[in-house]
4 protein chains.
Amino acid sequence: PKKEWQIQFADDMQEFTKFPTKTGRRSLSRSISQSSTDSYSSAASYTDSSDDEVSPREKQQTNSKGSSNFCVKNIKQAEFGRREIEIAEQGIVILLRLALHSWVALLFLTLSSCTSTQVLIETLCALGAQCRWSACNIYSTQNEVAAALAEAGVAVFAWKGESEDDFWWCIDRCVNMDGWQANMILDDGGDLTHWVYKKYPNVFKKIRGIVEESVTGVHRLYQLSKAGKLCVPAMNVNDSVTKQKFDNLYCCRESILDGLKRTTDVMFGGKQVVVCGYGEVGKGCCAALKALGAIVYITEIDPICALQACMDGFRVVKLNEVIRQVDVVITCTGNKNVVTREHLDRMKNSCIVCNMGHSNTEIDVTSLRTPELTWERVRSQVDHVIWPDGKRVVLLAEGRLLNLSCSTVPTFVLSITATTQALALIELYNAPEGRYKQDVYLLPKKMDEYVASLHLPSFDAHLTELTDDQAKYLGLNKNGPFKPNYYR
Amino acid sequence: PKKEWQIQFADDMQEFTKFPTKTGRRSLSRSISQSSTDSYSSAASYTDSSDDEVSPREKQQTNSKGSSNFCVKNIKQAEFGRREIEIAEQGIVILLRLALHSWVALLFLTLSSCTSTQVLIETLCALGAQCRWSACNIYSTQNEVAAALAEAGVAVFAWKGESEDDFWWCIDRCVNMDGWQANMILDDGGDLTHWVYKKYPNVFKKIRGIVEESVTGVHRLYQLSKAGKLCVPAMNVNDSVTKQKFDNLYCCRESILDGLKRTTDVMFGGKQVVVCGYGEVGKGCCAALKALGAIVYITEIDPICALQACMDGFRVVKLNEVIRQVDVVITCTGNKNVVTREHLDRMKNSCIVCNMGHSNTEIDVTSLRTPELTWERVRSQVDHVIWPDGKRVVLLAEGRLLNLSCSTVPTFVLSITATTQALALIELYNAPEGRYKQDVYLLPKKMDEYVASLHLPSFDAHLTELTDDQAKYLGLNKNGPFKPNYYR
Amino acid sequence: PKKEWQIQFADDMQEFTKFPTKTGRRSLSRSISQSSTDSYSSAASYTDSSDDEVSPREKQQTNSKGSSNFCVKNIKQAEFGRREIEIAEQGIVILLRLALHSWVALLFLTLSSCTSTQVLIETLCALGAQCRWSACNIYSTQNEVAAALAEAGVAVFAWKGESEDDFWWCIDRCVNMDGWQANMILDDGGDLTHWVYKKYPNVFKKIRGIVEESVTGVHRLYQLSKAGKLCVPAMNVNDSVTKQKFDNLYCCRESILDGLKRTTDVMFGGKQVVVCGYGEVGKGCCAALKALGAIVYITEIDPICALQACMDGFRVVKLNEVIRQVDVVITCTGNKNVVTREHLDRMKNSCIVCNMGHSNTEIDVTSLRTPELTWERVRSQVDHVIWPDGKRVVLLAEGRLLNLSCSTVPTFVLSITATTQALALIELYNAPEGRYKQDVYLLPKKMDEYVASLHLPSFDAHLTELTDDQAKYLGLNKNGPFKPNYYR
Amino acid sequence: PKKEWQIQFADDMQEFTKFPTKTGRRSLSRSISQSSTDSYSSAASYTDSSDDEVSPREKQQTNSKGSSNFCVKNIKQAEFGRREIEIAEQGIVILLRLALHSWVALLFLTLSSCTSTQVLIETLCALGAQCRWSACNIYSTQNEVAAALAEAGVAVFAWKGESEDDFWWCIDRCVNMDGWQANMILDDGGDLTHWVYKKYPNVFKKIRGIVEESVTGVHRLYQLSKAGKLCVPAMNVNDSVTKQKFDNLYCCRESILDGLKRTTDVMFGGKQVVVCGYGEVGKGCCAALKALGAIVYITEIDPICALQACMDGFRVVKLNEVIRQVDVVITCTGNKNVVTREHLDRMKNSCIVCNMGHSNTEIDVTSLRTPELTWERVRSQVDHVIWPDGKRVVLLAEGRLLNLSCSTVPTFVLSITATTQALALIELYNAPEGRYKQDVYLLPKKMDEYVASLHLPSFDAHLTELTDDQAKYLGLNKNGPFKPNYYR
């Protein structure tokens, strides 16, 4: 007989198919990502800039049910935020419900969270979990959406433009409250985890696990583990196959074009481009640029990636060899000082320089802050750096991430991420004692496959099922996992 | 010995190579095209919207040299407009100078012009021609740029948001002035030509030719010619190979992605898209979408184009066969009612519908203006049309041209167009008596090739020259033309 | 009411759909093309090489019906040849029948033909036409197929390995026979036309037209026309859109890979390739090589094609700039001495050189026949030319056409060609007096479109029909032609 | 100071760059792979088929140095085989020498080997190792090459067309000889390992490790390990990143086109193709077919691969949904009975069916051996299976691997494999006690990277080196490894 959740699953799937992902509207993610890095732009922001300047921490606000268990910019923006959520995120919510089918567990899940994925938090709450939520970045909150969550009863502590002090205050609210004891931590960047370690180490006695989605946060967890200081199991969802491919390869394949076009209106056809780094991000960028008629060069330090670049039809060069001739320089290495002042000095006039990699270290922007160079802000996210002889280099987003600063993250990618996080929470929470030790784990392959399978209907894709005979021949379970863990 | 213009050519080429096309700034074209169709957007416009509301026709304005021989919105915006021109169009100006090497002829060229290519007008004037210029579209003028041209002494009659009466008044100013007798007409859409035919037929006695760049204008000229009413030679520059490829194939290959992304943030990967029409525009759209992972279907009426679609890897279908399953519908036919209400009724929820073809006839938008459907403007250029059962169709730019409304025309494409127009003017003006009769001509192949050759240096492309022996073997002149006229 | 041929058309179409193009067997074309240039290979040939060495002209042969009105190598091979035809060409025959729906005309068509398309001849005969046929090339006849045609009653004069004297003797048999008066000429290369001009000028009095399919033959016709010596209308089917695209772009896109792989087993990924010439052939080669991961450079003399190459993502260079670094050199120019001894001297070891262009002029192979260089035939169609220092250059097909020598022409392409020729014959034969003068004509656009439409069902492609309203709006006939003649 | 092997490395690299991979000649691999599966073909084989029929085991043969320590078909073929090796494999030999720089170790390496990579064996011997070698497949030996190895003093026991008894006899010779005690095993398929386990378990006392390169052999090793019966360390070189990508993705991207073209001359443009399985092999096949204009459908059981297929622009279907409409069916699953008789019954006429996956289980060929179906062998590797109604299905290589049967493995890929094996041998042999236990290991990432780096010069690819500062920032050693082990 079908289990109950399977029946619910079928109903939700029907609803999902009926109303797939919305389009035609800047997704929430856009506002978020834009705001997170762009303190210049204002026209595109949904946030009412004429808001009073009183700190949210000093305001007395209650939602329509009389609760004050939150701290947001302006609870009155809840209705607008609600509409945003409804239009943009409906598809995600349904997928999340599908993913969280075993939601009986959620009734007992209490979550301290510091993340950018509001929709996940609200869905968890709607399914019975108790959450306290702050933002992972001082710019990343969309005030209206935060208000809507507060109105819906979520304990949210976040607004756009927090000070550093505000930031830690908000995080503290997620952990430190009378009668509150989280049993799970959902983190993005490791700041919440860090805070708990530092201030409330006893909290870990009741914590069943940490779910972390960022490169940085995962790095910090591995360091803790190496140092023998990790005291609960942690799930690294950053490196799950599905999330990786979408966050990097597929997402960047589209966002490199979008980011360059929105900022510079550059024509891709015939342009000479050098892409530093041929990992997943680089592969995505190069595929798109090549397809649109650009001539692409690669720099690499890893011979395996370099060989892949060769076989994919790209010349592998040192940056110095092509720096004088290229029209566009794109960094995707995760490294620092990949583009140095010396390189910048040798670029030709109108060369565009941008970063798709990580943080803001790849281009040595600091080296351009010298008296002989003139900076001219020609539009939001676009600076002309002008040499004494009149040469201009076009620097995008001041070397920060182009895809966060100047383009959007599709709802679909957000959905992959949220679903992955949700499954990781459930897995750690539900796991029988002893399955996970005080270590960092990758999401089990089978769950990774489940995230993928939930997203197939939106492509009208039809999976084939193994026959019993075939499953036996392959030595596989008919429901997966189908590949070894190292398969990418 | 080198001719004088060849020396000048070399100098200009050097300058051109030193400062190639600017980027990092919305080009003029963007403002123009945006404004032409988008009365909603304001944030992105350079035009000061708090301007007084007095009609330009009633204002008394003089430029800094005391001239009043113009009519623009606000002459005070000249400086800002000048800066725009300098940054965005420098590359074009130099190419134009190169193209117009035989500029001694220009001293005697008097031009009545109705076009959107301001930079061409200014260059012609700078080289000694006398021009009177109005806009080809009531929305297409960028006031600041018009002011800059007026300040520079060009007789310009154009502002953004002209009434229909204003429009014809401006055109009249280009022809009807004491002491003014044009010897050439540069038209875009055929309105100026039409006006002269209707009001001042005698003007044609001194006119050496008409240069026309639009599909519509060319169509009108062929009709005149067929009816035996064309009384001067006319050059159809719309169908020159270089311009066609760039206006359609190459430009649309980029603008379809840009237009869809800016308006809907749609993820292309895995999307099912039907493209109606596999001419040059359709070919460009399909190539880009396929390259980014969309699954593309084609509809066609022409078996030759249909066969090309097959060989390029696209399924050729009737619209009805796929209308229920596709995520995006794009029209590129030049036809009318290609997407009917019946099709719209059968689309799935969130289907995006847009037009890359021509004018606004391809999608039967009128059929959607019925009481049972709700329109919701979700952002500039994007409407959700909502069916009673909640289904939403996402209509872009109200069915007008997506690439004009929602994305930009690269400076490079503008340059191709302006250079082609300039050469056509020179050719008709300089042609010995009898070379051109009262008919419509394509730009001579050799000039088409010259336009192309002027744009090669920006790609650092190196042409091979025929040896004498090879030229003889092929029966070709070493300097071209290299292909028969029908070669595309 | 449906016309009779439309009914027949429907029946044939049904049959056609039931048995589409055969595969899994070297097509006839392969044998033909192989043999035409490859006197080395024997294993792959169907021709019995142990055949007696008596000249066919000296043999007495009769087919099973007692006729001797033919001259072939060995009439006994008819059965084998018939089977070849049945398996390989069935699809073509049906398409031809479809094309030749107005076959009543054929009863009176008498044809002198010198071509490689046997299946066309037999179909014409089967439909009532009278034909006499010789081969257009001394190597291009497949003896078994010729025997099958002779057995079927076709007056065929052709065998593999004719001497030059044989060649002209065979051609003479096509024209010069008591009681024979052709009313049409179907030529491929212009030799038959030349022979009639020279020997039997009076024959032209009854000839209604010439159909010519080769570049060379068309060139000769234009020269005749220019010289005022063309005394009947001629149809240039070489330049019809459909045939051009398939013979060049689509066919070469596949045959460049096949030709290189069969001869050298080269891995394409990462290879540096220079393609000389970016016309249709070059475009096809480049698209395929780029898609498989090669890095492609282009040389061009025509700035329009050069600009297209840039926009398609290829660097445009002079051959000298890259000759030292490339792994493969491919000529597609139609020119002569594009690759000179000097270039060959500078190539790196193991560089592959081949010609996809025309005839054998593009690579200066003669310059390699010098004492200091050693030639080593390593396999059929592959020579290593060895420099004194040990450097080897790999020369394919001795500089002749790679796609004819080393790979195959798909049946589909043969079908396009044969159908185009058949329609051209019908058009010239049926045309009312005065429609065609003593000049060279392109196939009317509408017929070109018809050829395309006949081949759409094999792709299961569904054409859209214009509504009356749309046709009127576009000013087109609902049945075409849909595009101007110069549209490609 | 440079170590000695670094100096040698530099010299070899120079030589390598001077004479890169040969082309223009069927590589040895072709003969091998062809013969391994194709007992029909003879024309293309280098093996003298008129050889006497005496079993090699019964012949007395000595090489020119008087040694009889081998068993080959005919020692007289040594010279021809030597020339083959020289031309085809020179590039590999040099790379191997580079890889085996620490060859002092080799002096003491004694190897029992059962593999297809002759060149590796000879190189090892040349560098001082002692080897005894038999073939891994009864058809895979090229007699001339075996003779050349015997002549060079290698103890080789292999000929083409061994009986099963011969096969085990040869393997026995590799292990069982007085005075012979191997310290390493190099296996391909696991037969040698199996034999030693069964017959000479004591041999393992002196064995330091097993290197295995096949899927099957690796599977058997993991089973041994799981069962606790593996008594020495084993290296799984099948799953090293470099080898995987080349054996599967890159190699199949080329060989699918080659295999289909050589056997069927099919035109790819517009063809509808279903590819079963979207792993590395499927990805390679699909990329190539899509690039050449085919319309590709995918079937998948794994949702992650299915999602990748969607994002790459392919429709994911069940085989039943498209089986009636497709022109080509390609299996790449590694599964069995993926194409069943029911599917075959529903295919349309002329549908091509082939297998790129593994062994011969994917297509249920047995189900076609029924009386109502007629088999017609139309050429080597191509059967027409004919249904009673005349429908033909074109079956390639009787369902065995198309890429082994009908196309070639590029020398480059052989080189990757041989180099990987060599490094694995060295690593296991040289590893300090305790590094490897009685388990199955992947090749260390750093060695995988080294294999890749050795092959970069043939693409003229230039790696970038990390600065000290960057290496520290990334926490990496400047010489790698650069990525985690699970990175693909």
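Copies here are superposed by least squares on the C-alpha atoms of residues with pLDDT of at least 70 in both. Keep in mind as you click around that this is a predicted model.

**Stop one: chains A and D.** Select both chains. Chain A lands on chain D after a rotation of 180 degrees with 0.0 Å of shift along the axis, at an RMSD of 0.1 Å. The two copies are therefore related as by a two-fold rotation axis. Color the contact residues of chain A and look for them in chain D: 100% recur there, so the same surface serves both copies.

**Stop two: helix 8 of chain D.** Stay on chain D and pick residues 215-226, which make up helix 8. From first C-alpha to last, its 12 residues reach 16 Å, close to the 16 Å expected at 1.5 Å a residue. Now show side chains for D:Gly217, D:Val218, D:Arg220, D:Leu221 and D:Leu224, which are buried. They sit on the same side of helix 8 of chain D because they cover an arc of only 160 degrees around the axis.

What do these buried residues pack against? Turn on strand 4 (184-187), strand 5 (209-212), strand 6 (234-236) and strand 15 (440-442) of chain D. Before leaving, click D:Gly228, which follows helix 8 and has a positive phi, near 75 degrees.

**Stop three: chains C and B.** Select the contact between them: 43 residues come from chain C and 44 from chain B. On the chain C side, the elements giving two or more residues are helix 9 (241-264), helix 11 (303-311), helix 16 (445-455) and helix 17 (468-474). Zoom in on helix 11 of chain C, which gives the largest share, 7 residues. Color the chain C side by residue class and you get 21 nonpolar, 11 polar and 11 charged.

Notes
Residues are numbered from 1 along each chain as its sequence is written. Chains are lettered from A and ligands numbered from 1 in the order in which they are written. This is a predicted model: local features need pLDDT of at least 70, side-chain atom pairs count only at pLDDT 80 or more; totals for chains, interfaces and linings use all residues. Two residues are in contact if their C-beta atoms, placed from the backbone, lie within 7 Å. Helices (H or I, at least four residues) and strands (E, at least two) are DSSP runs, numbered from the N terminus. Ala, Val, Leu, Ile, Met, Phe, Trp, Tyr, Cys and Pro count as nonpolar, Asp, Glu, Lys and Arg as charged, and the others, Gly among them, as polar. The expected span of a helix is 1.5 Å times one less than its number of residues. A residue is buried if 20 or more other C-beta atoms lie within 10 Å of its own, exposed if 12 or fewer, and partly exposed in between; C-beta atoms are placed from the backbone. The arc is that of the directions from the helix axis to the C-beta atoms.
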